[in-house]
Amino acid sequence: MRVRADMPPGHVRTPGYLRGKIGWVERTLGPFPNPEQLAYGLNAQALPLMRVRFSMAEVWGDASETPTDTIDAEIYSHWLEPAEAPHAP
Amino acid sequence: MGGGAAGPVPSEQHDFSLWEKRVDALMIIASSKGHFTVDGLRRVLEDMGEDAFETMTYYERWIASVNQNLIEAGVYTTAELAQRMTQVAARGTTYGEAASD
């Protein structure tokens, strides 16, 4: 999956350094209230939350010290879009 | 923050002052009463921008965020807050009666 590369103003939980990066879904965690609505006191819609795994090579590129190490991040499904070939080592 | 160099991470424990404990308690009370969520707290903290993280302490940022959220929730107005701050300032630089115990 690719994390959407959007940078909208306002409260977004999806880390900026992962936007536009490609990872693979390690597991699905179930529905959780959308923090983008909770942050403004709005009624929050329950959305699927995914644990997504990224390689350091994907996140940091040539600057990566340990390219095959991975990092997991929990990202709501509306921030993910299908991508070609996941970078699973 | 934001991938910038943060220097060494201190591992020793440190004591919190009374006002810091009160800020923590206020956050828990206000959110348990439904005035805002931890997401609301984070939103205001992140909106403060980088400078706030250089110039304000952890609980100074927290009380600013709690205050902003409580005003947005309509718990009190800025005018009411100003009036209360004047009353507190009139006590002097200590905690007033609490400090004389």
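**Figure 1. Where chain A meets chain B, the count is 1 salt bridge.** Keep in mind that this is a predicted model. The bridge between the two chains pairs the side chains of A:R13 and B:D39, with N and O 2.1 Å apart. Around that pair, the contact draws on 7 residues from chain A and 6 residues from chain B. How much area do chain A and chain B bury between them? The answer is about 600 Å², and 47% of that lies on carbon and sulfur atoms. If you wonder where such a number comes from, the size of an interface is often given as the accessible area lost when the parts come together.

**Figure 2. Chain A on its own, seen as a string of helices and strands.** Count them up and you get 2 helices and 5 strands. Walk along from the N terminus and the order is β-β-α-β-α-β-β. The C-alpha trace spans about 40 × 25 × 20 Å along its principal axes. Of the 89 residues in chain A, 30% are buried. How much surface does chain A expose? It comes to about 5100 Å², with carbon and sulfur atoms supplying 53%. Now look at who touches whom: among contacts between residues at least 6 apart in sequence, 54% join residues at least 24 apart. Chain A also carries 8 positive and 11 negative charges, and the mean positions of these two groups sit 5 Å apart.

**Figure 3. A:E26, A:R27, A:R53 and A:D72 are linked in a network of salt bridges.** Start with A:R53, which pairs with A:E26 at 3.9 Å between the closest N and O atoms. A:R53 is in strand β3 (residues 46–55) and A:E26 is in strand β2, so this pair ties together parts of chain A that are 27 residues apart in sequence. A:R53 has another partner too: its side chain meets that of A:D72 in a salt bridge of 2.6 Å, N to O. That pair links distant parts of the chain, from A:R53 in strand β3 to A:D72 in strand β4 (residues 70–76), 19 residues apart. Are these side chains buried, exposed or something in between? A:R53 is partly exposed, at 25% relative accessibility. A:E26 is partly exposed as well, at 26%, and A:D72 gets that label at 33%. For the wider picture, the count over all chains comes to 7 salt bridges.

**Figure 4. A:D6 and A:R4 join their side chains in a salt bridge.** The N to O distance here is 2.5 Å. How accessible is each partner? A:D6 has a relative accessibility of 34%, so it counts as partly exposed. A:R4, at 28%, also counts as partly exposed.

**Figure 5. A:G20 sits in the loop between β1 (2–3) and β2 (24–33) of chain A.** With a relative accessible area of 23%, A:G20 is partly exposed. Which residues does A:G20 contact, leaving aside its neighbours within four places in sequence? They are A:R2, A:V3, A:R4, A:A5 and A:E58. You met A:R4 in the previous view, as the salt-bridge partner of A:D6. Now find A:L80, which is 60 residues away from A:G20 along the chain. The C-alpha atoms of the two are separated by 9.5 Å.

**Figure 6. A:S64 lies in the loop between α2 (56–60) and β4 of chain A.** Is A:S64 buried or exposed? Its relative accessibility is 12%, so A:S64 counts as buried. Not counting residues up to four places away in sequence, A:S64 touches A:M56 and A:A57.

**Figure 7. In chain B, B:E20 is buried yet has no salt bridge.** You can find B:E20 in helix α1 (residues 18–32) of chain B. Which side chain of opposite charge is nearest to B:E20? That would be B:K21, 8.2 Å away. A salt bridge needs the nitrogen and the oxygen within 4 Å. Setting aside neighbours within four places in sequence, B:E20 is in contact with B:D15 and B:Y59.

Note on methods
Residues are numbered from 1 along each chain as its sequence is written. Chains are lettered from A and ligands numbered from 1 in the order in which they are written. This is a predicted model: local features need pLDDT of at least 70, side-chain atom pairs count only at pLDDT 80 or more; totals for chains, interfaces and linings use all residues. Side-chain values use heavy atoms; hydrogens and water are left out. Helices (H or I, at least four residues) and strands (E, at least two) are DSSP runs, numbered from the N terminus. Buried means under 20% relative accessible area, exposed over 50%, partly exposed in between (1.4 Å probe, protein chains only). Contact means heavy atoms within 4.5 Å. Accessible areas come from the Shrake-Rupley method with a 1.4 Å probe; for residues, only the protein chains shown count as cover. Lys and Arg count as positive and Asp and Glu as negative; His and the chain ends are not counted. The place of a charge is taken as NZ of Lys, CZ of Arg, CG of Asp or CD of Glu. Buried area is the accessible area (1.4 Å probe) that two parts lose on being put together, summed over both.
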